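Colleague: I have a moment before the next run, could you walk me through this one? Let us start wherever you like and move around from there.

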Amino acid sequence: MTTFGVIRFPGSCDEVDALQAARRVGDAKLLWHKDRDLGGVDAVVVPGGFSYGDYLRVGAIARFSPVMESVTEFARSGGLVLGICNGFQVLCEAGLLPGALLPNLGRRFICRQLGIEVVSDRTPWTSACEPDEVLSIPIKHTSGRYYVPEEQLADLNVVFRYAHDGNPNGSTNDIAGVANAEGNVVGLMPHPEHAVDALTGSADGLKLFESAVRERVAV
Amino acid sequence: MTRVRVLVRPKEGILDPQGQAVEQALPALGFDGVSNVHVGRLVELDVDDPSQVPAMCEKLLANTLIEEFEVVEAEGARA
């Protein structure tokens with residue numbers, strides 16, 4: 001059975017939803033920010049929230065936490081890592097993903113269900129999706145404007161885009177999520193862990209967790 | 001101890017909605033002739049070795065992908 005490790009930083013707030021999402025398809029346990037030992041998990045989820053109060057810059061302090069040292073090593077050796085919202089910001093600050101997240105162009109916090117297009121189903125986190133499939137997943141963020149210098153755009157491994165011209169925050173090329181060159185590290189601003197049951201509007205987010213499980217079985 | 005100020009601001013070419021908001025607010029208060037407003041961050045610190053500050057900026061105080069920084073030595077350490 002696939003075991004997901006979900007990190008809890010001081011200031012995280014979506015780690016319990018991430019645990020529950022993961023438990024619908026596998027097993028999951030919490031990892032504390034001071035842990036250096038990832039406990040043998042098969043995949044790591046860096047959840048949303050406000051790690052370390054988002055002091056200085058979003059994700060800037062969390063990247064230096066003991067657990068992130070281990071996550072970096074895990075990612076560099078091919079381990080599956082998913083960063084959601086603040087987790088995406090942390091992975092960018094840690095240099096595990098290219099780019100950075102800037103304040104929304106409209107300056108406001110946005111909370112909304114959106115169509116998210118799967119640009120690449122060739123990552124371990126999207127293999128259960130169809131190419132060009134549009135997932136219904138909520139966003140909720142203040143700093144979600146993805147930025148990468150223009151010269152890096154051509155080589156960028158884009159995984160998710162805001163669909164139907166619904167770019168909510170001014171992200172470059174409507175980008176909602178990216179992967180590293182190898183594809184094992186994926187980050188996105190939308191919250192798949194909040195879309196795991198039709199009762200609350202959509203279960204599309206489960207596909208990311210199912211993808212990771214499928215990947216594990218294939219290995 | 002040397003008192004150092006680090007000024008961090010959005011890199012040129014990066015849209016700065018906070019700066020734009022301030023720029024739009026000033027004429028509404030009767031202050032005309034204001035342009036190019038950018039809002040950044042000021043980090044003040046007392047350090048034994050000021051030559052280390054640029055490395056601190058590169059590693060933590062600024063994200064050089066989106067921000068530029070300027071190190072200014074200030075008068076005396078804070079008591």
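Modeller: Let me start with A:Ile137, which lies in strand β7 (residues 134-141) of chain A; please keep in mind that this is a predicted model.

Colleague: Is A:Ile137 buried or exposed, and why?

Modeller: A:Ile137 counts as buried because 25 C-beta neighbours lie inside 10 Å, and the cut-off for that class is 20 or more.

Colleague: And which residues does A:Ile137 touch, leaving aside those up to four places away in sequence?

Modeller: With those set aside, A:Ile137 touches A:Leu114 and A:Ile116, then A:Pro190, A:His191, A:Pro192 and A:Ala195, and also A:Ser202, A:Asp204 and A:Gly205.

Colleague: How far apart in space are A:Ile137 and A:Ser211?

Modeller: From C-alpha to C-alpha they are 16 Å apart, with their positions 74 residues apart in sequence.

Colleague: Changing topic, what is in the largest nonpolar core?

Modeller: That core has 72 residues, and those that touch the most other members are A:Val6, A:Ala22, A:Val44, A:Val45, A:Val81 and A:Leu91. Taking A:Val45 and again not counting residues up to four places away in sequence, the residues in contact with A:Val45 are A:Phe4, A:Val6, A:Ala18, A:Ala22, A:Leu82, A:Ile84 and A:Gly87. There is also a second, separate core of 7 residues, which includes B:Val6, B:Val53, B:Cys57 and B:Leu61.

Colleague: Which way do the residues of strand β3 (residues 43-46) of chain A point?

Modeller: A:Ala43 and A:Val45 point one way from that strand, while A:Val44 and A:Val46 point the other way, and all are buried.

Colleague: What does β3(A) pair with?

Modeller: Strand β1 (residues 3-8) of chain A runs parallel to β3(A) and is joined to β3(A) by 3 bridges, with A:Phe4 standing opposite A:Ala43. β3(A) also pairs in the parallel sense with strand β4 (residues 80-84) of chain A, over 4 bridges, and there the bridge partner of A:Val46 is A:Gly83.

Colleague: What unit do β3(A), helix α2 (residues 66-76) of chain A and β4(A) make?

Modeller: Together they make a β-α-β unit, and that unit is right-handed.

Colleague: Stepping back, how does the radius of gyration of chain A sit against a compact globule?

Modeller: Chain A has 15 Å, which agrees with the value near 17 Å for a compact globule of 219 residues. The C-alpha trace of chain A spans about 40 × 40 × 35 Å along its principal axes, and buried residues make up 57% of the chain. Chain A has 5 helices and 11 strands.

Colleague: What about chain B, how many helices and strands there?

Modeller: Chain B has 2 helices and 3 strands, and along the sequence they follow the pattern β-α-β-α-β. The radius of gyration of chain B is 15 Å, whereas a compact globule of 79 residues would have one near 12 Å. The C-alpha trace of chain B spans about 45 × 30 × 15 Å along its principal axes, and 13% of its residues are buried.

Colleague: Last one, how many residues of each chain are in contact with the other?

Modeller: 10 residues of chain A are in contact with 9 residues of chain B. By class, the chain A side of that contact has 6 nonpolar, 1 polar and 3 charged residues.

Terms used. Residues numbered from 1 in each chain as written. Chains lettered and ligands numbered in written order. Predicted model: local features only at pLDDT ≥ 70, side-chain atom pairs only at ≥ 80, totals over all residues. Rg over C-alpha atoms; globule rule 2.2 N^0.38 Å. Buried ≥ 20, exposed ≤ 12 C-beta atoms within 10 Å, placed from the backbone. Core = buried A, V, L, I, M, F, W, Y, C linked by C-beta atoms within 7 Å. Contact = placed C-beta atoms within 7 Å. Nonpolar A, V, L, I, M, F, W, Y, C, P; charged D, E, K, R; others polar. Pairing = 2+ DSSP bridges. Right-handed = clockwise from strand over helix to strand, strands pointing away.
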